[in-house]
Amino acid sequence: MRIETLPDPESLAHHVAEWMTSTAEATTGPFRVSLSGGSTPKALYGLLASAPFRDRFPWQRASWYWGDERFVPHDHPESNYRMTRDAMLSKAPVPPENIHPVPIEGMPDDAAARYEQILQKSYGGSVLDPARPLFEITLLGLGPDGHTASLLPGEPVLEERRRWVSAVAHGRPEVRISMTYPAIESSRHVAFLVAGREKAAILREILDGGSRVPAARVKPVGELLWFVDRAAAGD
């Protein structure tokens, strides 16, 4: 685990944009990224689509996926896809075929199964090999209750180890589609982005060890990073 503390959300977003760009520049093959929703990632996405990062990032090699999504139309104000599209994908030279939003047609369970098939096609198999991660980078947020993606406290999705994607029908007003632990953990770099004083208590609980909240249970096959601002870091 690596923890890096930045002065404020703006510095955090800029630091992660530099880290993501440098990480991508150091690779030569396909670069799959799992994205997160939220205000801190939104600032990050805006930076990636602006100079100087826009001119450095290898957009042609990068493919974009979503760790979770509300089961709402893609143009809905609360859609993670829409937020990312408006902040980054519509402003950067991203090949349309490299964008893989969560399906939102039909029933939630069917949509989750279709997204799992999309991931497996990109991966080239239905069994995850720890030596060959699904993603290069997985971005995650942290809720005050300890959830991450839509891995919500007390929900059955927390115990799913076979499926890569699952519908989450309870725990929030709207149904959500979420990657499960096996897909999230199959990443060369898993990075939590945490900003704000309201996250300080749960962050401290997780970093002290022994916590069983959903975010604390993420054990990637690769590197685990926490990028936090000073308010979230507390003391």
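Start by selecting residues 108–123 in this predicted model, which form helix α5, a run of 16 residues that reaches 22 Å from its first C-alpha to its last, close to the 22 Å expected at 1.5 Å a residue. With the helix still selected, show the side chains of P108, A111, A112, Y115, E116, L119, Q120 and Y123, which are buried. An α-helix has 3.6 residues a turn, so residues three or four places apart point the same way.

What do the buried residues of α5 pack against? Add the strands β2 (31–35), β3 (62–66), β5 (135–140), β6 (165–168) and β7 (176–179) to the view, since these are the elements that the buried residues of α5 pack against. Then step just past the end of α5 to G124, where the backbone takes a positive phi of about 85 degrees.

Next, select E155, which lies in the loop between β5 and β6. Although E155 is buried, it has no salt bridge, and R172, the nearest side chain of opposite charge, is 7.5 Å away. To see what surrounds E155, display V168, H170 and G171, with which it is in contact once its neighbours within four places in sequence are left aside.

Finally, turn to the surface and select M1, I3 and L207, which together make a nonpolar patch of about 290 Å². Of these residues, L207 belongs to helix α7, which covers residues 200–207. Is L207 buried, partly exposed or exposed? L207 counts as partly exposed because its relative accessibility is 31%, a value that falls between the 20% limit for buried and the 50% limit for exposed.

Note on methods. Residues numbered from 1 in each chain as written. Predicted model: local features only at pLDDT ≥ 70, side-chain atom pairs only at ≥ 80, totals over all residues. Heavy atoms only, no water. Helix = DSSP H or I, 4+ residues; strand = E, 2+ residues; numbered from the N terminus. Expected span 1.5 Å × (residues − 1). Buried < 20%, exposed > 50% of the residue type's maximum accessible area, 1.4 Å probe, protein only. Contact = heavy atoms within 4.5 Å. Patch = residues over 30% accessible without salt bridge, like charges linked within 9 Å, V, L, I, M, F, W, Y side chains within 5 Å. Areas by Shrake-Rupley, 256 points an atom, 1.4 Å probe, with all protein chains shown as cover. Salt bridge = Lys/Arg side-chain N within 4 Å of Asp/Glu carboxyl O. Lys, Arg positive; Asp, Glu negative; His and termini not counted.
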